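Visitor: I am new to this structure. Please take a close look at one part for me, beginning with any term I will need.

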Amino acid sequence: MIWAVAVSIVLAGLCVWLFSELQRAKQHSEIRAEKLRDSAKSLAADAAIYKQELNVLSQSSGAGILMLDKAGVVVHANAAAERMLNAGPDGLVKKSLIQATFSAELVQFVLNTGQGPESYDFQIGGGQGPILRASKYRFSIGLSGEPETMLVLVNVTELRRLETVRRDFVGNVSHELRTPLTSIRAIAETLQDGAIDDADVVQRFLSTIVQETDRLARISSDLLTLSDAESKEPEKSYFDFIELLEEVVERFKPHAADSGLSLTLETSGPLQLLASRDQVEQVVVNMVSNATKYTQAGGKIIVRACQQDGSIVLEVIDTGIGIMHEHLPRLFERFYRVDKARSRSSGGTGLGLSIVKHIVESHGGEIRVASEYNHGSTFTVIWPASTQAVS
Ligand SMILES: Nc1ncnc2c1ncn2[C@@H]1O[C@H](COP(=O)(O)OP(=O)(O)OP(=O)(O)O)[C@@H](O)[C@H]1O
Ligand SMILES: [Mg+2]
């Protein structure tokens, strides 16, 4: 009996002890759960801030940013990417890459996980639109460890256009240099083969060599002028524009008279320009030189300058051979000549008008041409108000 009471007491004590231990453990785990909930809340708040910051960064980037999931579906697109890819009102998110870009080659580039280029250029709008360069970056975030891809898009249309211009320019220069060099070489070979003994032939050949070397020198000097006009800011100072026009016209008068041309200057002034005097002189010389070169005997050339709506307008008007309409858009390109043979025989390099255009534009001005085939041409330069001296 006593034993039974003792065991009951011990058991009851054990139960009390167990109960109080359980209570303590419960309290403990509740505190831990509370702490974990707090940490989870603060982690979620941090994550939201980071996401917001990432979003602001991505949205403020000038480059287009697309995030793709493993299946190649867009999960994030910044404003620049939506603009570049002409996204509709639904945006790009949840669209597949092909739906977003219409470029199967780009999809292939993204799918290619092996060694290969990390960027790819593609054109949107069916070969007519801008050219975009896509660079891909792979990474995996989150617990799943699933790989994701970030595509950074940059508009390289202008870059590609400049590359083409540079390539064409190098090609044109080589071609222009090759012609006189080939001629000089042919002469040297003919002389080597025995022509050197014929005094008449030697004389003729020597004058051709002089002409061709002059031509090489002209090409080189025009290229330098062009490169200066392109790369340097004009060194501006105030000068009397009418005085400059008078100087140039006087210089051309004897040549014009020899060619049976009347050359007159019409100005209403005073006209003060704030510009690079040397460069403006080059512009006037090139324009008047063309007018004298491309006008037949008996023709008229008028150099006219006046003020119009705050700008100074220069016109070189001739009654010469004129230019067919289809040539006008390309006239200011380097080495472009309507009649190559005629321009060459008169010593032209085809760089004169491109030099004019560069100089005028580097002063913030504008050049225009109006021409009627067989009737004549008018080249107009508008020097903006900012190039005028304030009196
Ligand atoms: N006043 C003009 N009348 C008719 N055609 C012209 C006139 N001015 C220019 N052109 C055409 O435009 C082309 C380009 O002119 P540009 O001055 O650039 O070269 P160029 O006169 O041939 O050689 P240069 O570099 O020695 O001036 C000329 O070859 C000519 O066909
Ligand atoms: Mg010319």
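Guide: Two rings of Phe, Tyr or Trp, the last counted by its six-membered ring, form an aromatic pair if their centres lie within 6.5 Å, and planes under 30 degrees apart make the pair stacked. The model is predicted, and a search of the whole structure turns up three such pairs. One of them joins Phe109 and Tyr120: the ring centres are 5.6 Å apart and the planes meet at 25°, so this pair is stacked. It links distant parts of the chain, with Phe109 in helix α4 (residues 104-111) and Tyr120 in strand β3 (residues 119-123), 11 residues apart.

The part for the close look is the site of ligand 1, which sits in the largest pocket. Around the ligand are 22 residues, and those that come nearest are Asn290, Ser343, Thr349, Gly352 and Leu353. By type, the shell holds nine nonpolar, eight polar and five charged residues. At least two residues of the shell come from each of α8 (277-293), α10 (352-362) and β12 (376-383).

Some contacts involve oxygen atoms of ligand 1. A side-chain N or O atom of Thr349 is 2.7 Å from one. For Val338 a polar backbone atom is involved, 3.1 Å from an oxygen atom of the ligand. Lys293 places a polar side-chain atom 3.2 Å from a ligand oxygen atom. On its own, ligand 1 has 590 Å² of accessible area, and the protein covers 95% of it.

Methods: Residues numbered from 1 in each chain as written. Chains lettered and ligands numbered in written order. Predicted model: local features only at pLDDT ≥ 70, side-chain atom pairs only at ≥ 80, totals over all residues. Heavy atoms only, no water. Near = heavy atom within 4 Å. Polar contact = N/O pair within 3.5 Å; in protein donor to acceptor, adjacent residues only side chain to side chain. Areas by Shrake-Rupley, 256 points an atom, 1.4 Å probe, with all protein chains shown as cover. 1 Å grid on protein atoms, 1.4 Å probe; cavity = no way out; pocket = protein on both sides within 12 Å on 5 of 7 lines; lining within 4 Å. Sits in = over half its atoms within 2 Å of the grid points. Helix = DSSP H or I, 4+ residues; strand = E, 2+ residues; numbered from the N terminus. Nonpolar A, V, L, I, M, F, W, Y, C, P; charged D, E, K, R; others polar. Phe/Tyr/Trp six-rings, centres within 6.5 Å; stacked < 30°, edge-to-face > 60°.
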